[in-house]
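Biologist: I am new to this structure and would love a close look at a single part of it. Could you pick one spot and walk me through its surroundings?

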Amino acid sequence: MLVLAACSNVDGDLDNKWQLRQYQYADGSIERQDSIFYNFQKGSFSAICLLKNGSYQTFFGNYSLKGDEISINLLPESINDKNYGTYVGWPEGKRAFKVEELSYSVLRLECEGTKSVFRKY
């Protein structure tokens, strides 16, 4: 008897590590980035930020994906970190993004007129 089992990847291409490459602002300006990484895995979220002193800080939370919207909620201990405001800074540790593009290699999120462009890492 042969039994095949498969795990369902509900979030498809989103489950992965993504490197933030740039912010695109509503006024057309662009801010390049290379030191922030988002990780999505089965409802768990982390943002790994490379600090200026060469070390790194990880911020942990959870996410949910519904249609073209992703909501991220960070854990209280992440919000209280001294580097939080510099690298994340979301009010109340929460952010809802519209997923504008999600492919094998590109993730583009939009929130309040600012687009965050990532590449798969």
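Modeller: Happy to! Let me begin with a term: two residues are in contact when heavy atoms of theirs lie within 4.5 Å. Please keep in mind that this is a predicted model. Among the contacts in the protein with a separation of 6 or more, 40% are between residues 24 or more positions apart.

Here is the general layout. The protein has 9 strands and 2 helices, and from the N terminus on the order is β-β-β-β-β-β-α-α-β-β-β. Along the principal axes, the C-alpha atoms fill a box of roughly 60 × 35 × 25 Å. Of the 121 residues, 37% are buried.

The part I would like to show you is the region around Glu110, which is found in strand E8. Strand E8 covers residues 106-111 and runs antiparallel to strand E9, with 6 bridges joining the two. Together E8 and E9 form a hairpin, with 2 residues between them. One residue in that turn, Glu112, has a positive phi of about 50 degrees. Across the hairpin, Arg108 stands opposite Val117 in E9.

Strand E9, residues 114-120, has another partner as well: 6 bridges join E9 to strand E1 (residues 16-24), and these two strands also run antiparallel. In that pairing, Gln24 stands opposite Lys115 of E9. Remember Lys115, as we will meet this residue again.

Now to Glu110. Is this residue paired in a salt bridge, or is it without one? Glu110 is buried yet has no salt bridge. The nearest side chain of opposite charge belongs to Lys98, 6.4 Å away. Because a salt bridge needs the side-chain nitrogen within 4 Å of a carboxyl oxygen, the distance to Lys98 of 6.4 Å does not qualify. There is a polar partner, though: a polar atom of the Glu110 side chain lies 3.4 Å from the backbone nitrogen of Glu112, the turn residue with the positive phi.

Who else surrounds Glu110? Leaving out residues up to four places away in sequence, Glu110 touches Ala96, Phe97, Lys98, Glu100 and Lys115.

Two of those neighbours have paired with each other. The side chains of Glu100 and Lys115 meet in a salt bridge, 3.5 Å from N to O. Glu100 lies in strand E7 and Lys115 in strand E9, so this pair ties together parts that are 15 residues apart in sequence. Both partners are partly exposed: Glu100 has a relative accessible area of 36%, and Lys115 has one of 29%. The count for the protein comes to 2 salt bridges. Glu101 and Arg108 also meet through their side chains in a salt bridge, again with 3.5 Å from N to O. Glu101 is partly exposed, at 30% relative accessibility.

Finally, let us follow the neighbour Phe97 towards the nonpolar core. Phe97 touches Glu110 and is also in contact with Tyr38. Tyr38 is one of six residues that touch the most other members of the largest nonpolar core, together with Phe40, Phe45, Ile70, Ile72 and Trp90. That core has 26 residues, and strands E7 and E8 are among the elements that each supply at least two of them. Beyond its neighbours within four places in sequence, Tyr38 has contacts that include Trp18, Phe45, Trp90 and Phe118.

So, in short, Glu110 is buried without a salt bridge, while its neighbours Glu100 and Lys115 share one.

How values were computed. Residues are numbered from 1 along each chain as its sequence is written. This is a predicted model: local features need pLDDT of at least 70, side-chain atom pairs count only at pLDDT 80 or more; totals for chains, interfaces and linings use all residues. Side-chain values use heavy atoms; hydrogens and water are left out. Two strands pair if DSSP finds at least two bridges between them. Helices (H or I, at least four residues) and strands (E, at least two) are DSSP runs, numbered from the N terminus. A nonpolar core is a set of buried Ala, Val, Leu, Ile, Met, Phe, Trp, Tyr and Cys residues joined through side-chain atoms within 4.5 Å. Buried means under 20% relative accessible area, exposed over 50%, partly exposed in between (1.4 Å probe, protein chains only). Lys and Arg count as positive and Asp and Glu as negative; His and the chain ends are not counted. A polar contact is a pair of N or O atoms within 3.5 Å; within protein, one must be able to donate a hydrogen and the other to accept it, and residues adjacent in sequence count only if both atoms are side-chain atoms.
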